[in-house]
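Please open the model in a viewer and keep the sequence panel in sight. The stops below are given in the order in which they may be selected.

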Amino acid sequence: MKKLLISLLFLLSFAVYADTVQKVEKGEKEGSVSKNWVMDILKNGHVDNVAFFDARPMDFYNKQHTDTIGYLDPDMFYEDGGCEKAISMIPKDKIVVLICPGPRAQESYQNLTDSAANGGCGYSGGNVYWIRTNVVYHKDHIEVK
């Protein structure tokens, strides 16, 4: 019985491990992630410790978006209190990937992580990344092309 219980606990811990990402595969530019890494995560389904945020401008988001990922309006950084609002949206216990087919994911990353002296928010959680890639938006998921 004891061996059975230990075996079950081992399998359960493996299942939990399988649904989390242990390492970020970084891209070539500062703060970016590799396209293959993102594609693998999306292909394998829900991952507990990775959160994607759509970083397209609001007018593009309103035309078509996915309900299962977050939205970080890149224009909020230029509003009063924008940094505080953006930082409050970032889950501290997850790997956050800002995603956009254009430059807004990288721009949002820089706005979040640049120091206040350089015009940024000064976020230093170390868990925010970005990717610029073609995305197909479905109601319940995204595809990276």
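Colour the chain by secondary structure and follow the elements from the N terminus: they run α-α-β-α-β-α-β-α-β-β-β. The chain comes to 5 helices and 6 strands, where helices (H or I, at least four residues) and strands (E, at least two) are DSSP runs numbered from the N terminus. The model is a predicted one, in which local features need pLDDT of at least 70 and side-chain atom pairs count only at pLDDT 80 or more, while totals for chains, interfaces and linings use all residues. Residues are numbered from 1 along each chain as its sequence is written, and side-chain values use heavy atoms, with hydrogens and water left out.

Next, colour by accessibility. Of the 145 residues in the chain, 39% are buried; buried means under 20% relative accessible area, exposed over 50% and partly exposed in between, with a 1.4 Å probe and protein chains only. Among contacts with a separation of 6 or more, 63% are between residues 24 or more positions apart, a contact being heavy atoms within 4.5 Å.

**The disulfide**

Select Cys-83 and Cys-121, which are joined by a disulfide with an S to S distance of 2.1 Å. A search of the whole structure finds 1 disulfide, defined as a pair of cysteine sulfur atoms within 2.5 Å. The angle about the S-S bond is -80 degrees, and the link of Cys-83 and Cys-121 is left-handed. Cys-83 lies in helix H4 (residues 82–89) and Cys-121 in the loop between H5 and E4, so the pair ties together parts that are 38 residues apart in sequence. Cys-121 is buried, with a relative accessible area of 15%.

In the loop between helix H5 (104–113) and strand E4 (128–132), now select Ser-124. Is Ser-124 buried or exposed? At 69% relative accessibility, Ser-124 counts as exposed. Measure from Ser-124 to Thr-113: the two are 11 residues apart in sequence, and their C-alpha atoms are 6.2 Å apart in space.

**The second largest pocket**

Move to the second largest pocket, which holds about 190 Å³ of space. A pocket is found on a 1 Å grid over the protein atoms alone, as an open set of points where a 1.4 Å probe fits, with protein on both sides within 12 Å along at least five of seven lines; lining residues have an atom within 4 Å of a point. Grid points are joined across faces, edges and corners, and the volume is the space filled by probe spheres set on the points. Residues to select in the lining include Gly-27, Lys-29, Ser-32, Gln-106 and Trp-130. The largest share of the lining, 3 residues, comes from E4.

Within this lining, centre on Ser-32, in the loop between helix H1 (2–18) and helix H2 (35–43). Ser-32 is buried, with a relative accessible area of 6%. A polar atom of the Ser-32 side chain lies 2.7 Å from the backbone oxygen of Lys-29. Not counting residues up to four places away in sequence, Ser-32 touches Lys-26, Gly-27, Tyr-129 and Trp-130.

**Strand E5**

Finally, select Val-135 in strand E5 (residues 135–137). Val-135 counts as buried, at 15% relative accessibility. Which residues does Val-135 touch, not counting residues up to four places away in sequence? They are Ile-99, Ile-142 and Glu-143. Add Asp-54 to the view: Val-135 and Asp-54 are 81 residues apart in sequence and 10.0 Å apart in space, C-alpha to C-alpha.

Terms used:
Polar contact = N/O pair within 3.5 Å; in protein donor to acceptor, adjacent residues only side chain to side chain.
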